[in-house]
Amino acid sequence: MATLRLQTVALAVLLLRLAPETPTSAQQLPGCPDKCGDISIPYPFGIGTGCALDSGFELECNHTYSPPGLIVSTHRQQLTGLSLADGEAIALLNAKRECHNSADQDFNKNDENTASIMNLTGSTTYRFSAARNRFVALGCPNLGYFIDSTECYVSGCTSVCRPAHWGSVKPGLCTGVGCCQSKIPPNIDLFEPYMLSFNRGERYTKFYDNTTTCRYVFLVEDKWIEKTYRDHVDFNRTDDFAVPVVLDWAVRSVGNCSAARHNTTGYACRGAHSECFDISDGEGYRCRCSKGYQGNPYLDGGCTEIYQEIILANALLKPAEMPLRRMVAVKRTGSR
């Protein structure tokens with residue numbers, strides 16, 4: 001029995017050495033760029049003719065940026081990351097800024113051309129993520145809101161500073177003192193922010209017990225406030241800055257998987273082990289590898305089988321050989 005266990009261990013070690021690493025780089029069509037600077041570009045996204053699934057997934061790599069900037073060809077957003085598994089893209093958005101003097105007169109605003117507006121109207125790929133983004137108004141007093149492509153109010157909030165300044169605010173919080181935030185609804189295709197000022201009349205006296213020089217409004221990834229202000233709570237800033245916005249992406253040229261399967265030439269889930277699933281934020285679908293497979297479900301043959309031999313070798317190991325079992329599992333999944 002001891003000999004059998006040793007043979008089993010030897011087999012497991014051999015399979016461990018032969019097993020491929022879980023892919024860490026993007027998978028792309030042959031001859032197509034798979035990176036722009038440090039950003040991996042997995043198909044169905046692509047740079048150049050014939051490298052993307054369709055025009056909605058086409059990207060450009062702008063080498064005048066340092067490092068190079070990844071740009072959405074159709075709507076010109078700059079992206080800093082793409083995820084196949086999560087169906088997300090991270091875009092950059094400049095915060096809208098207004099600064100006021102002691103008489104509450106505007107004396108400094110950032111240029112409207114600094115892209116504080118983000119327009120996804122007509123996109124067959126991207127939507128603002130309702131789950132992962134928050135609308136934020138920063139500074140005091142500040143009533144911020146935004147409108148959509150119908151020019152109607154969508155969401156907003158009010159930020160006021162207490163006389164005790166930031167003493168009553170815990171780091172990382174944005175609950176109305178110096179900073180407020182609100183959720184956004186799904187299927188928003190335009191973010192156009194605005195700020196309203198309060199007159200220094202008797203009616204709004206308490207709003208001016210404490211003020212900041214500048215006020216901001218922007219859409220941002222939901223953990224940004226928590227991460228950016230985890231060590232301090234002074235929201236009294238005067239600089240221009242950009243924030244990350246999460247975009248949900250999907251194949252939105254058809255309504256769902258059922259409709260997509262009728263168009264075999266345009267169907268994005270390629271190969272025998274690629275599965276289609278409907279998205280939850282409107283029309284469209286995405287793809288994933290079948291259980292027991294991994295890789296890129298948008299490429300022919302992109303989903304490869306996870307080695308069953310490793311599973312078998314693990315099952316044969318005795319409890320005393322658990323460290324080896326863990327080593328094999330780590331090699332197989334790449335998740336620990």
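Between which strands does the loop that holds Phe 198 lie? In this predicted model, Phe 198 belongs to the loop that runs between strand S16 (190–196) and strand S17 (214–221). Although placed in a loop, Phe 198 counts as buried because its relative accessibility is 9%, and the cut-off for buried is under 20%. Leu 143 lies 55 residues away from Phe 198 along the chain, yet the C-alpha atoms of these two residues are separated by 8.4 Å.

The strand that precedes this loop, S16, leads to a sheet. Four strands make up an open sheet with antiparallel pairing, in the order S10-S16-S13-S14. Its edges are strand S10 (118–119) and strand S14 (153–159), each of which pairs on one side only. Strands of a sheet pair through backbone hydrogen bonds, in either a parallel or an antiparallel sense. Between S10 and S16 the antiparallel pairing comprises two bridges, and Asn 119 has Leu 190 as its bridge partner in S16.

The other edge strand, S14, contains Ser 159. With a relative accessible area of 0%, Ser 159 is buried. Its surroundings come from residues distant by more than four places in sequence: Ser 159 touches, among others, Ala 137, Gly 139, Cys 140, Pro 141 and Asn 142, and also Gly 176, Val 177, Gly 178, Cys 179 and Cys 180. Towards Cys 179 there is a polar approach as well, for the side chain of Ser 159 reaches the backbone nitrogen of that residue at 3.1 Å.

Cys 179 in turn introduces the disulfides, of which the structure holds nine. Cys 179 is joined to Cys 174, with an S to S distance of 1.9 Å. The torsion about this S-S bond is about -85°, so the disulfide between Cys 174 and Cys 179 is left-handed. Both cysteines are covered: Cys 174 is buried at a relative accessible area of 5%, and Cys 179 counts as buried at 0% relative accessibility. Cys 152, by contrast, is partly exposed, with a relative accessible area of 41%.

Which strand holds the partner of Cys 99, and how far apart in sequence are the parts that this pair ties together? The sulfur atoms of Cys 99 and Cys 214 are 1.9 Å apart and form a disulfide. Cys 99 lies in strand S8 (residues 96–100) and Cys 214 in strand S17, so the bond ties together parts that are 115 residues apart in sequence. Its torsion of about 100° makes the disulfide right-handed. Cys 99 is buried at 2% relative accessible area, as is Cys 214 at 1%.

A further disulfide links Cys 36 and Cys 61, whose sulfur atoms are 2.1 Å apart. Here Cys 36 lies in strand S1 (residues 35–36) and Cys 61 in strand S4 (residues 58–62), so the pair connects parts that are 25 residues apart in sequence. This disulfide is also right-handed, with a torsion of about 85°, and Cys 36 is buried at 0% relative accessibility.

The path ends at strand S18 (residues 242–249), which is mostly covered, six of its eight residues being buried. S18 runs antiparallel to strand S7 (residues 88–94), and seven bridges join the two; within this pairing, Ile 90 stands opposite Val 246 of S18. Strand S11 (residues 126–128) also pairs with S18 in the antiparallel sense, over three bridges. There, Arg 127 has Asp 248 as its bridge partner in S18.

How values were computed
Residues numbered from 1 in each chain as written. Predicted model: local features only at pLDDT ≥ 70, side-chain atom pairs only at ≥ 80, totals over all residues. Heavy atoms only, no water. Buried < 20%, exposed > 50% of the residue type's maximum accessible area, 1.4 Å probe, protein only. Pairing = 2+ DSSP bridges. Polar contact = N/O pair within 3.5 Å; in protein donor to acceptor, adjacent residues only side chain to side chain. Contact = heavy atoms within 4.5 Å. Disulfide = S-S within 2.5 Å.
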